[in-house]
Amino acid sequence: MASSTLSIADNKTHFHPKGNPPSTHTKAIQQQHRLKLPFTDKTDFQEQSKGFIAKPDYLKIKADAGGVAWDMERYQFLLDNKDFDSIHPSLQRQAVLNMNYGLYEVVPGIYQIRGFDLANITFIKGETGWIVFDTLTAKETARAALKFINQQLGKRPVVAVVLSHTHGDHFGGVRGVINEQDVISGKVKLIAPADFVKHAVSENVAAGNAMIRRMFMQYGVGLPVGPFGHVDQAIGKNVSVGNLGIISPNISITKPIEEMTIDGIKMVFQNTPGTEAPAEMNTWFPQFKAFWAAENITGTIHNIYTLRGAKVRDTLAWSKYINQSLHLFGKQAEVMFASHNWPRWGNQRIQEVMRGQRDMYAHMNNQVLHLANQGITINEIHNVYDMPKSLQDQWYARSYHGSTQHNSRAVINRYLGYWDGNPATLVPLSPRDSAPLYVEMMGGANKIIKKSQSLYNQGLYHYAVEILNKLIYAEPNNQTARDLLADNFEQLGYQYESPSLRNSFLAGALELRDGKIPATKLTAGGPDMKRAIPTELLLDYLGILIDGRKAAGVNYKANLILPDKGEQFLIELNNETLTHIKGYHADDADLTIKLNRADLEQLLLGKTNLPELIQSQKIHLEGDSTIIGNVGKMLSKFTPNFELIPGTKPADK
Ligand SMILES: [Zn+2]
C-alpha cells in the first residue's frame with residue numbers, strides 16, 4: 001500500500017459540506033513522501049500478517065448499553081489498495097497495517113487477537129487454561145475475544161490475567177474475561193505492577209474532565225471515519241466505547257525483576273516504572289524465548305507528551321529500560337510481541353528494533369537538551385529538532401502516536417518548563433485581550449482575510465493560521481474567518497504523519513465550521529473507577545470541585561472517620577481552600593463524620609443519599625451537620641463541553 005505505483009483514489013465526497021479535497025500543494029507534498037520514504041521495505045507487512053489463524057464473521061461488536069462498542073467496518077476503505085492524497089502516505093501505511101483483524105499465532109502456545117479494540121489481547125496457553133495479557137478497553141470487546149479464541153482453539157478457563165500497565169485500553173475489559181469473586185477468592189490470579197490501582201485511577205481524576213474534552217482533538221472523537229477524517233490511531237484503529245471496569249489485583253509485582261510460574265508457564269517480570277505509564281512491566285517467557293514488550297516498544301515513536309493531557313513522560317528512563325530489556329532478554333529472544341501493533345521475529349530483527357527504539361528516545365532526550373543548552377526554546381524546538389536519518393528510515397521510529405514536533409517540546413517542558421526565558425512571554429496578555437490590538441494594527445478583518453486567502457492559495461497554511469487565529473480571538477463570530485481558518489487546519493491535518501496531529505487539526509476544522517463543540521457521552525469513569533479511587537485522592541478531587549469564590553470567608557474543620565478502612569482524616573476549609581491530612585483529627589472540629597467507605601461509595605454512585613444514610617444510621621454526624629449541605633453548594637459540576645477554539649460554542653442569546 002501507499003507505494004508510488006498505486007493509483008490515487010478519486011474520493012471527492014467529503015463528509016462536510018464545507019470540506020475541501022487536498023490542495024495541489026498538499027498533493028505535491030504527499031507525492032514527495034511516496035518517492036522518499038522506504039516503501040520497498042515490506043518487513044512490517046510480513047510480520048503483521050504472520051501467524052494468522054482466523055477472523056470472525058462480524059466486523060462490529062455490540063455494546064451492552066446499546067449501540068456499537070467496536071466497528072471495523074468503517075475502516076474497510078483502507079483495504080481498497082488506493083492512495084489517498086488526504087492522508088500522509090506513511091500514516092496510510094500504518095493505518096493499513098493496523099487493519100489486522102482476528103486471531104494470530106505468535107508462536108505455538110502464544111496467541112493474540114488484534115483489531116478488536118485499540119490494543120491487542122494476548123493469550124498464553126498454560127497446562128490447564130489461558131493466561132491473558134491485557135484485557136482491552138471494554139468488557140464487550142474482551143468478552144468477544146475470549147469467546148472467539150475458545151471457539152477456534154478449544155475452550156479453556158482463564159487461570160490468570162496479567163495487566164501490563166495502568167492505561168484503560170489494557171485493563172478496562174478485565175470483567176469480560178474474569179469475575180471479581182474469583183480474584184478475591186484467589187481462584188484466578190490477577191497480576192499487575194506495584195501501585196497499579198493508584199496509578200490507574202489517579203491519572204484520570206484531577207484533570208479528567210479537561211482530558212475528555214481534549215480527546216476530541218487527539219483522538220478525533222466526533223470526527224467521521226474516512227479518507228478526510230479519522231483513519232487510524234497509530235497504536236491501533238481507535239478506542240472502543242463500552243463498559244470500562246477495574247478489579248484490584250491479588251498479586252503485585254514489586255521487585256525490579258521478579259520470577260513466577262503459573263500453570264506451567266515461567267514468567268520473568270521486568271518492572272519499568274515511569275516509562276509509557278507510571279506503573280508498567282515487560283515479561284520474558286524463557287520456555288518460548290519470547291519477550292513481551294508491554295507498550296514500551298511498539299510500531300511508532302510513542303507519546304512523551306500525550307495531547308489529550310497527561311504529565312510529561314521521561315524519555316531517558318524509557319530508553320534505559322529498553323536497554324535493560326535488550327541486555328537481559330533481547331539477546332536470546334526469538335520473538336518480541338507487545339500490546340499494540342504486531343510482533344517481531346528472529347533475534348537479529350528483535351535486536352534491531354530494540355536498539356532503534358532505545359536510541360530514538362535517547363536521541364530525543366539528548367539532542368533536544370543539546371539544542372536547549374544552546375538557546376533553542378520550547379517555542380522553536382519543534383521546527384529545529386528531528387530524528388537522525390538512520391532512524392527516519394525505520395518505520396518503527398516514525399512520528400505516529402508521538403510526533404517529534406509535540407514530543408520535542410515536551411522534553412524541554414520536562415526539564416525547563418513552559419517559559420522560553422523572554423520576559424515578553426512571562427506574563428502574557430490573554431489571547432482575547434491581545435487579539436483586538438493585533439487586528440487593529442493589521443488593518444482590520446478584511447485585510448487579514450485577504451492576506452490569509454493569498455497565503456492559503458500559496459500553500460502557506462501555518463502562516464495563514466497565525467494571523468487568522470488572532471482574528472477569531474478578536475471576532476469569534478466572524479464565520480468567514482472561522483471557515484478560512486478551518487480550510488488551513490484541514491490541509492495541515494491531511495499533511496501530518498501523526499494521527500495525534502492530524503486528528504487535532506481536522507477536529508479543529510470541524511468545530512470551526514459547525515460553530516459548535518461536539519456532544520459527548522464520554523465520562524470520567526464508571527462505577528468501578530469511582531470505587532477504586534483511594535480516599536486521599538477523592539478528597540484531593542473534592543478540593544478541585546470546590547468553587548473557591550463560593551467559599552470566601554467560610555472556615556470549617558471536620559473529622560472524617562471511615563471505620564471499614566481504618567482511615568481517618570482531618571479536613572479544613574480555610575482561605576477558600578479545602579485541605580486534608582490523613583491520620584490526624586481535631587478535638588475542636590465543627591463536625592465529625594463517621595461512615596464506612598463502602599457507604600461513601602454508594603453515596604458517590606448516587607445509589608443512596610444523605611437522608612437515607614442518616615435514617616439507616618449508616619452515617620454518624622456529630623456537631624454542625626449543616627456544613628455538609630453548605631459545602632455541597634460550593635461544588636461545581638464539570639462537563640466536557642467548554643470551548644477550545646473561539647467561536648465553537650454557539651453564542652448565548
Ligand atoms: Zn495502550
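**Surface patch, zinc site and salt bridges**

User: Which residues form a nonpolar patch on the surface?

Analyst: This is a predicted model. The patch has about 480 Å² of accessible area together. Its members are Tyr418, Trp419, Leu426 and Val427.

User: Is tyrosine 418 buried or exposed?

Analyst: Tyrosine 418 is found in the loop between α13 (404-416) and α14 (431-441). The cut-off for exposed is over 50% relative accessible area. Tyrosine 418 has 65% relative accessibility, so it counts as exposed.

User: Which residues are the protein donors of the zinc ion?

Analyst: Along the chain, the donors follow the spacing D-H-x124-E-x44-H. They lie 2.0 to 2.1 Å from the zinc ion. With their donor atoms, they are Asp169 (OD), His170 (NE2), Glu295 (OE) and His340 (NE2).

User: How many residues apart in sequence are the parts that aspartate 169 and glutamate 295 tie together?

Analyst: Both of these zinc donors are buried. Aspartate 169 lies in helix α5 (residues 168-171). Glutamate 295 is in the loop between β14 (290-292) and α9 (315-330). The pair therefore ties together parts whose separation in sequence is 126 residues.

User: What is the arrangement of the four donor atoms around the zinc ion?

Analyst: The angles they subtend run from 81 to 173 degrees. A tetrahedral site needs all angles between 85 and 135 degrees. Because of its angles, the arrangement is irregular.

User: Which zinc donor is in contact with serine 164?

Analyst: Serine 164 sits in the loop between β8 (158-162) and α5. At 0% relative accessibility, it counts as buried. Leaving aside neighbours within four places in sequence, its contacts include Asp134, Pro193, Trp292 and Ala294. Also among them is a donor of the zinc ion, His170.

User: Is alanine 586 buried or exposed?

Analyst: Alanine 586 is found in the loop between β19 (577-582) and β20 (591-595). Leaving aside neighbours within four places in sequence, it is in contact with Lys557, Asn559 and Leu570. Its relative accessibility is 10%, so alanine 586 counts as buried.

User: How far apart in space are alanine 586 and phenylalanine 569, C-alpha to C-alpha?

Analyst: In sequence, alanine 586 and phenylalanine 569 are 17 residues apart. In space, C-alpha to C-alpha, their separation is 9.4 Å.

User: How many salt bridges does the count come to?

Analyst: One of them joins lysine 187 and aspartate 182 (4.0 Å, N to O). Lysine 187 is exposed, with a relative accessible area of 61%. The count comes to 30.

User: Is aspartate 71 buried or exposed?

Analyst: Aspartate 71 meets arginine 74 in a salt bridge (3.8 Å, N to O). Arginine 74 counts as partly exposed, at 34% relative accessibility. Buried means under 20%. Aspartate 71 has a relative accessible area of 13%, so it is buried.

User: What is the N to O distance in the salt bridge between aspartate 232 and lysine 237?

Analyst: Aspartate 232 and lysine 237 are both buried. Their side chains meet in this salt bridge at an N to O distance of 2.9 Å.

User: Which residues are linked in a network of salt bridges?

Analyst: A salt bridge pairs Lys or Arg with Asp or Glu. In this network the Arg members are Arg93, Arg344 and Arg349. They are linked with Asp44, Glu47 and Glu352. The network is therefore made of Asp44, Glu47, Arg93, Arg344, Arg349 and Glu352.

Notes. Residues are numbered from 1 along each chain as its sequence is written. This is a predicted model: local features need pLDDT of at least 70, side-chain atom pairs count only at pLDDT 80 or more; totals for chains, interfaces and linings use all residues. Side-chain values use heavy atoms; hydrogens and water are left out. Donors are N, O and S atoms within 2.8 Å of the metal (3.2 Å for Na, K and Ca); water is not among the atoms, so sites may look incomplete. Four donors count as tetrahedral if all angles lie between 85 and 135 degrees; four count as square planar and six as octahedral if opposite donors are over 155 degrees apart and all others between 65 and 115; anything else is irregular. Helices (H or I, at least four residues) and strands (E, at least two) are DSSP runs, numbered from the N terminus. Buried means under 20% relative accessible area, exposed over 50%, partly exposed in between (1.4 Å probe, protein chains only). Patches are made of residues with over 30% relative accessible area and no salt bridge: like charges are joined within 9 Å, nonpolar side chains (Val, Leu, Ile, Met, Phe, Trp, Tyr) within 5 Å. Accessible areas come from the Shrake-Rupley method with a 1.4 Å probe; for residues, only the protein chains shown count as cover. Contact means heavy atoms within 4.5 Å.
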